[in-house]
Amino acid sequence: MINLDDDTNNFKKLVHLGLNVISSDDIEQQILSPLSCLREYESKWILEFDLPLVEKEHISITLDSGNKIIVEAKLKEKYYISNFHEKYEFNYFKKSVNLPDNIDEAKISAKFDNGRLVIIIPKTSKGNKIRIE
Amino acid sequence: MTQKINKKNKKILLVGFPSSGLIGTFATSYVVHTLKMNQIGEIDHPDLLPTLFVENGEILEPIRIYNKENLFVILSDIPFEPDLASDFAEMVVNYSKEQKIDMIVMVSGLEALNNPPASPKVYGLITDKSLEKTLYENQISKFLAGSIYGTEAKLLSKFRKLGVPTLVIYAECHPFFPDPNAAINAITTLSKVLKIKLDTEDIKNKMETLRIQHRNLMQETLNALQQKQEKHPKPKVPQIYR
């Protein structure tokens with residue numbers, strides 16, 4: 001149930017799992033874990049992150065040497081989650097995603113619109129052509 | 001603000017549960033919240049993982065029934081698998097017969113092929129020809145072709161076979177992220193169908209926060225959908241044979 005007056009929804013789903021932590025959010029570092037999805041197309045991969053409460057200027061995207069993409073973003077306003085009688089403050093989103101092989105790193109591009117970051121990762125084509133007899 | 005529901009209207013049962021973009025969850029909860037509906041019951045099932053939610057110190061069961069005048073709502077805060085969906089559908093049908101419900105309305109999300117769509121659309125799928133008029137009067141485009149799977153398919157199939165006129169309002173959305181923006185389109189259509197005024201200003205102001213709040217529920221819904229697909233893979237029937 002949406003409670004428009006309260007920020008406790010994040011904890012709702014954890015009760016039945018018997019957990020007492022906030023998913024993979026990092027309370028100490030004030031980091032929220034954003035939702036992401038990776039979809040495969042014939043010529044590319046599309047990696048999306050849901051980054052509400054974020055402005056384009058405050059997003060950093062890094063591709064490390066191990067084919068891992070790291071997205072960090074500062075929230076434009078503090079976000080609070082209440083659990084039991086505690087209130088936790090969050091200021092950032094951060095998530096790293098392992099990318100598949102055979103990607104064209106030099107041609108990776110990104111766009112951000114309406115709080116959604118879309119990273120387009122072109123595939124490279126390798127191998128030998130096979131002749132049809 | 002208290003909304004009045006026209007007593008001359010048909011008896012309608014609105015059913016909402018987590019699905020693509022959490023459209024059903026957002027839209028149905030918003031109706032309950034805006035109309036200040038009263039909780040009148042709960043639905044339990046022995047195979048449901050024991051779950052209780054606590055809000056402002058009050059214990060809530062995950063599947064609840066609300067009512068205000070001739071509008072009834074069954075709202076589930078948990079996603080469930082098709083195996084349970086069958087029993088859930090029977091419970092809903094029994095309840096609607098008990099209450100002499102004229103029409104069931106479900107709200108859900110539909111992945112836009114061209115994502116994000118320039119102007120997201122809303123479609124209506126009906127189980128009974130008597131509802132053609134409802135589509136026409138409310139200018140809802142008819143869902144003409146496509147496939148539905150999982151919980152929704154099970155519910156819809158059951159409602160159709162048991163002869164309960166059902167309308168499903170599908171709003172184009174992002175299927176993997178909570179999409180309150182798409183839910184607003186669904187709420188606007190729902191407002192016409194239910195013939196009640198539903199001001200969407202409140203949800204518009206809180207869209208970004210709602211997206212953060214509902215990350216876990218979205219993830220759990222996707223996990224449930226994935227389990228469904230592993231257990232019951234989507235049929236890969238060419239369009240022409242459908």
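User: Which residue of S8(A) is the bridge partner of Lys111(A)?

Analyst: The bridge partner of Lys111(A) in S8(A) is Val118(A). This is a predicted model. Another facing pair is Phe112(A) and Leu117(A), the latter in S8(A).

User: Why are S7(A) and S8(A) called paired strands?

Analyst: Pairing requires at least two bridges between two strands. S7(A) and strand S8 (residues 116-122) of chain A are joined by five bridges, so they count as paired. The two strands run antiparallel.

User: What makes S3(A) a partner of S8(A)?

Analyst: The requirement is again at least two bridges. Strand S3 (residues 44-50) of chain A has seven bridges to S8(A), in the antiparallel sense, and therefore the two pair. Trp45(A) stands opposite Ile121(A) of S8(A).

User: What links S7(A) to S8(A) in the chain?

Analyst: The two strands form a hairpin with two residues between them. In the turn, Asn114(A) has a positive phi of about 50°.

User: Why are S2(A) and S7(A) said to stand at the edges of their sheet?

Analyst: The sheet is open and has four strands in the order S2-S3-S8-S7 (chain A), with antiparallel pairing. Strand S2 (36-40) and strand S7 (109-113) each have a single partner strand, so each has one side without a neighbour in the sheet. From one strand to the next, the twist averages 15°.

User: Which residues make up the covered and uncovered faces of S8(A)?

Analyst: Leu117(A), Ile119(A) and Ile121(A) form the covered face. The uncovered face consists of Arg116(A), Val118(A), Ile120(A) and Pro122(A). In a regular strand, side chains alternate between the two faces of the sheet.

User: Why is Leu125(B) called buried?

Analyst: A residue is buried if 20 or more other C-beta atoms lie within 10 Å of its own. Leu125(B) has 22 such neighbours, so it counts as buried. Leu125(B) belongs to strand S8 (residues 122-126) of chain B. Leaving out residues up to four places away in sequence, it touches Phe143(B), Val168(B) and Tyr170(B). Tyr170(B) is 45 residues from Leu125(B) along the chain, yet their C-alpha atoms are separated by 7.7 Å.

User: Why is Ile31(A) called partly exposed?

Analyst: A residue is exposed with 12 or fewer C-beta neighbours and buried with 20 or more. Ile31(A) has 17 inside 10 Å, which lies in between, so it is partly exposed. Ile31(A) is in strand S1 (residues 31-32) of chain A. Apart from neighbours within four places in sequence, its contacts are Asp25(A), Asp26(A), Phe90(A), Tyr92(A) and Lys94(A).

User: What is notable about phi in Glu69(B) and Lys195(B)?

Analyst: Most residues other than glycine have a negative phi. Glu69(B) has a positive phi, near 50°, and Lys195(B) has a positive phi of about 55°. Glu69(B) is in the loop between strand S5 (63-68) and strand S6 (71-76) of chain B. Lys195(B) is in the loop between H5 and helix H6 (201-205) of chain B. With 15 C-beta neighbours inside 10 Å, Glu69(B) is partly exposed; Lys195(B) is partly exposed with 15 other C-beta atoms within 10 Å.

User: Why is H1(B) called oblique to H5(B), and not roughly parallel?

Analyst: Roughly parallel means under 35 degrees, and roughly perpendicular means 65 to 115. The axes of helix H1 (residues 23-34) of chain B and H5(B) cross at roughly 50° and come within 9 Å. That angle fits neither class, so the pair is oblique. The crossing is right-handed. Residues making the contact include Ile23(B) and Ala27(B) of H1(B) and Ala186(B) of H5(B).

User: Which residues touch the most other members of the largest nonpolar core?

Analyst: They are Ile23(B), Ala27(B), Val73(B), Ile169(B), Ala171(B) and Ala186(B), in a core of 64 residues. Helix H5 (residues 180-194) of chain B gives the most to this core, with eight residues. A second, separate core has 18 residues, among them Leu32(A), Leu47(A), Leu75(A) and Ile212(B).

Conventions: Residues are numbered from 1 along each chain as its sequence is written. Chains are lettered from A and ligands numbered from 1 in the order in which they are written. This is a predicted model: local features need pLDDT of at least 70, side-chain atom pairs count only at pLDDT 80 or more; totals for chains, interfaces and linings use all residues. Two residues are in contact if their C-beta atoms, placed from the backbone, lie within 7 Å. A nonpolar core is a set of buried Ala, Val, Leu, Ile, Met, Phe, Trp, Tyr and Cys residues joined through C-beta atoms within 7 Å. Axes are lines fitted to C-alpha atoms, for helices over the stretch in contact, and angles run from 0 to 180 degrees between N-to-C directions. Angles under 35 degrees count as roughly parallel, over 145 as roughly antiparallel, 65 to 115 as roughly perpendicular and the rest as oblique. A crossing is left-handed if the near helix is turned anticlockwise from the far one by less than a right angle, and right-handed if clockwise.
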